[in-house]
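Biologist: Hey, can you walk me through the empty space inside this one?
Modeller: Sure, have a look first.
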Amino acid sequence: MGQVTLDIRQLRRARYAVAAVFCVHGAVTGSFATRVPWIQEHTGVSAGQLGLALAFPAIGASLAMPLAGAISHRFGARTALRGLLALWTMALVLPSLAPNLLTLCALLFVYGATAGMSDVAMNALGVEIENRMDRSIMSGLHGMWSAGALIGSAAGTLAAHLGADARLHHLLAAGALTVFGVLACQGVLDLRSTSDEAPPPRFALPPKSALLIGAVGFCAVFAEGASLDWSAVYLRDVLSSSPGVAAASTTAFALTMAVARLCGDAVVDRFGAVRTVRVGGVFATIGGLLVVTAPNAALALTGFAFIGLGVAVVVPLAFAAAGRSGDNPSLAIAGVATITYTSGLIAPSAIGAVADVTSLVVSFGLVTALAFGLIACAGVLRTAGRVGAEAREQAATAAQGQPPVTKS
């Protein structure tokens, strides 16, 4: 994309606009997640079949993500994001319309494809603004995504409590979010490719530098996806909670995710990426243990909140670490994105498959084990903890086309 010189006020406006886009994107996910029990009941599928269906959003996202770069290259970042985000918000209505398993899988594939493309477009703009501002903002942007998920899940909790038909609920939510999303996109950076700039590759294998970083992201996204998609079902089926209380588990999870991510930039600047992720791993592990041993809904809700708190900043830090690893940062970031989306692909179906063979309690035992992996593997994110003068020195060196100097 061509570089345009902007003053700090313009960058701040662009940052706020992208933050609003992240919020809208998260609100779609939150709106969907709280009505998963309704969709399961409406389609008449089992836990294992639901797990299979919930794998299709990640399949669609993984296959469609590479297209986002080509679309942005052709139409410009602002126009591409506006169109892709509108497709995503409108796709919210699709899953609740499914009458059976086959249709549900197909509609969730489309739902996931629009999610993945818009996700890549908005994160690319976020990274561009972070680079131009020379300060960490990605955790805060992801915090706005979680805030949006909280808003969407809170509305979904209310709709579930009132016994509202998910088709009507999602139709109204999709209309409102599409309007908000299009308006928010007006303020983002209007980056355009130069005439001699080659289009990005459609697919790239993750470089070695991204594999270990991606493994940490894999653990976090697995726990996040399992909690978002299955927490309401867990409370309903394991603890016999009412639909309103079951949906509140998604709200509790989204709330702690939002708070932790909004505070994440300041925490990482003070304590470093490695320590932040290790402490987060402790919280997530404790949360998983609370979920699998909970005798009542209140303790399980607390457990899901702890999981959200623990995994909140891991993915933003994984992308930050990838951007400072290897000879091709953009390729490393794409590699980490592929691995984390693969985790999103595996998590729903794995939880459902294990639940079919054993129980949902055992499924969340697997989530707890992966949460513990964050404690053990946090060291691979050490480059993400470099901030301040050293980060600025490396950025300036890289901008001059010279290899960065790594200090021990």
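Modeller: A cavity here is a set of points on a 1 Å grid over the protein atoms alone where a 1.4 Å probe fits but cannot get out. Grid points are joined across faces, edges and corners, and a volume is the space filled by probe spheres set on the points. This is a predicted model, where local features need pLDDT of at least 70 and side-chain atom pairs count only at pLDDT 80 or more, while totals for chains, interfaces and linings use all residues. Residues are numbered from 1 along each chain as its sequence is written, and side-chain values use heavy atoms, with hydrogens and water left out.
Biologist: How many cavities of 30 Å³ or more are there?
Modeller: Two. The largest cavity holds about 730 Å³, and the second largest has about 40 Å³.
Biologist: Which residues lie nearest the centre of the largest cavity?
Modeller: Thr29, Trp145, Val221, Glu224 and Tyr341, out of 30 lining residues. Lining means having an atom within 4 Å of a point.
Biologist: And which helix gives the largest share of that lining?
Modeller: H6, with six residues. Helices are DSSP runs (H or I, at least four residues), numbered from the N terminus. H6 spans 101-133, and others supplying at least two residues include H1 (8-33) and H14 (329-357).
Biologist: OK, the second largest cavity now. What lines it?
Modeller: Trp145, Ser146, Ala149, Glu224, Leu228, Phe253, Ala254 and Met257. H7, H9 and H10 (243-271) each supply at least two of the lining residues.

Key: On a 1 Å grid over the protein atoms alone, a cavity is a set of points where a 1.4 Å probe fits but cannot get out, and a pocket is an open set with protein on both sides within 12 Å along at least five of seven lines; lining residues have an atom within 4 Å of a point.
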